[in-house]
Amino acid sequence: MATPKKGLRKIVADDTIHRWRIRWKPSYLQDCQNTNLNAAVELFENPQSVLHISFSWVRYNEYFGIADKSVTPKHIEFQIRNAFKEGW
C-alpha cells in the first residue's frame, strides 16, 4: 500500500530520492497510550515497499503535554541508510 501523497517531503539518501511523512493526526494508540512516533518512507519515483520507522520518543499530545523532540530530515536520512545496510 502506497503512502498518501499529501504532506510528503523529499529527501536524498545515497543518491536516491525518497519521500517521507509523519501522520498529521496521531493514531489511536499514539493518542491514548502515548506510544512512539512513527514515520513512513518510500522511493520517490517507483515506490515498491514502505519503510516504517519507529522513533524512541513520543509525539506531542495535548492530554499528556509531552514533546521530547521532533523528527528532522537528518533522523530520516540516518534511518534510511541503516535500512540500506540491512537490505531494504
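Which residues does Arg-81 touch, not counting residues up to four places away in sequence? Ala-13 and Asp-14, where contact means heavy atoms within 4.5 Å. I will come back to that arginine after the general layout.

First, the ground rules. This is a predicted model, in which local features need pLDDT of at least 70 and side-chain atom pairs count only at pLDDT 80 or more, while totals for chains, interfaces and linings use all residues. Residues are numbered from 1 along each chain as its sequence is written, and side-chain values use heavy atoms, with hydrogens and water left out.

Now the layout. The protein has 2 helices and 4 strands; these are DSSP runs numbered from the N terminus, with helices being H or I of at least four residues and strands being E of at least two. The order from the N terminus on is β-β-α-β-β-α. Of the 88 residues, 30% are buried. Buried means under 20% relative accessible area, exposed means over 50%, and partly exposed is in between, with a 1.4 Å probe and protein chains only. The exposed surface of the protein is about 6400 Å², and carbon and sulfur atoms supply 52% of it. Those areas come from the Shrake-Rupley method with a 1.4 Å probe, and for residues only the protein chains shown count as cover. Among contacts with a separation of 6 or more, 46% are between residues 24 or more positions apart.

Next, the strands. Two strands pair if DSSP finds at least two bridges between them. Strand β1, residues 9-13, runs antiparallel to strand β2, residues 16-21, and 5 bridges join them. One of the bridge partners is easy to find on screen: Arg-9 is matched with Trp-20 in β2. The hairpin of β1 and β2 has 2 residues between the strands, and Asp-14 there takes a positive phi near 55 degrees. On to strand β3, residues 36-43, which pairs with β2 in the antiparallel sense over 4 bridges. Here His-18 has Leu-43 in β3 as its bridge partner.

Then the core. A nonpolar core is a set of buried Ala, Val, Leu, Ile, Met, Phe, Trp, Tyr and Cys residues joined through side-chain atoms within 4.5 Å. The largest one has 14 residues, and those with the most contacts inside it are Val-41, Ile-53, Phe-55, Val-71, Ile-76 and Ile-80. The elements that give two or more residues to this core are β1, β3, β4 (51-58) and α2. Strand β4 gives the most, with 4 residues. Take Ile-76 as an example: leaving aside neighbours within four places in sequence, Ile-76 is in contact with Ile-11, Trp-20, Ala-39, Val-41, Ile-53, Phe-55 and Val-71. As background, nonpolar side chains tend to be buried together in soluble globular proteins.

That leaves the charged pairs. How many salt bridges are there? The count comes to 3, with a salt bridge taken as a side-chain nitrogen of Lys or Arg within 4 Å of a carboxyl oxygen of Asp or Glu.

Start with Glu-42 and Arg-19, whose side chains meet at 2.8 Å, N to O. Glu-42 is in strand β3 and Arg-19 in strand β2, so this pair ties together parts that are 23 residues apart in sequence. Glu-42 counts as buried at 1% relative accessibility, and Arg-19 is buried too, at 8%.

Now back to Arg-81, which lies in helix α2, residues 73-85. Are Arg-81 and Asp-14 close or distant in sequence? The pair links distant parts of the chain, with Arg-81 in helix α2, Asp-14 in the loop between β1 and β2, and 67 residues separating them. In space, their C-alpha atoms are 7.5 Å apart, and their side chains meet in a salt bridge of 3.3 Å, N to O. Arg-81 counts as partly exposed at 34% relative accessibility, and Asp-14 counts as partly exposed at 42%.

Arg-81 also forms a salt bridge with Glu-77, with the closest N and O atoms 2.7 Å apart. Because Arg-81 and Glu-77 are 4 residues apart in helix α2, about one helical turn separates them. Glu-77 counts as buried, at 17% relative accessibility. Through shared partners, these salt bridges join Asp-14, Glu-77 and Arg-81 into one network.
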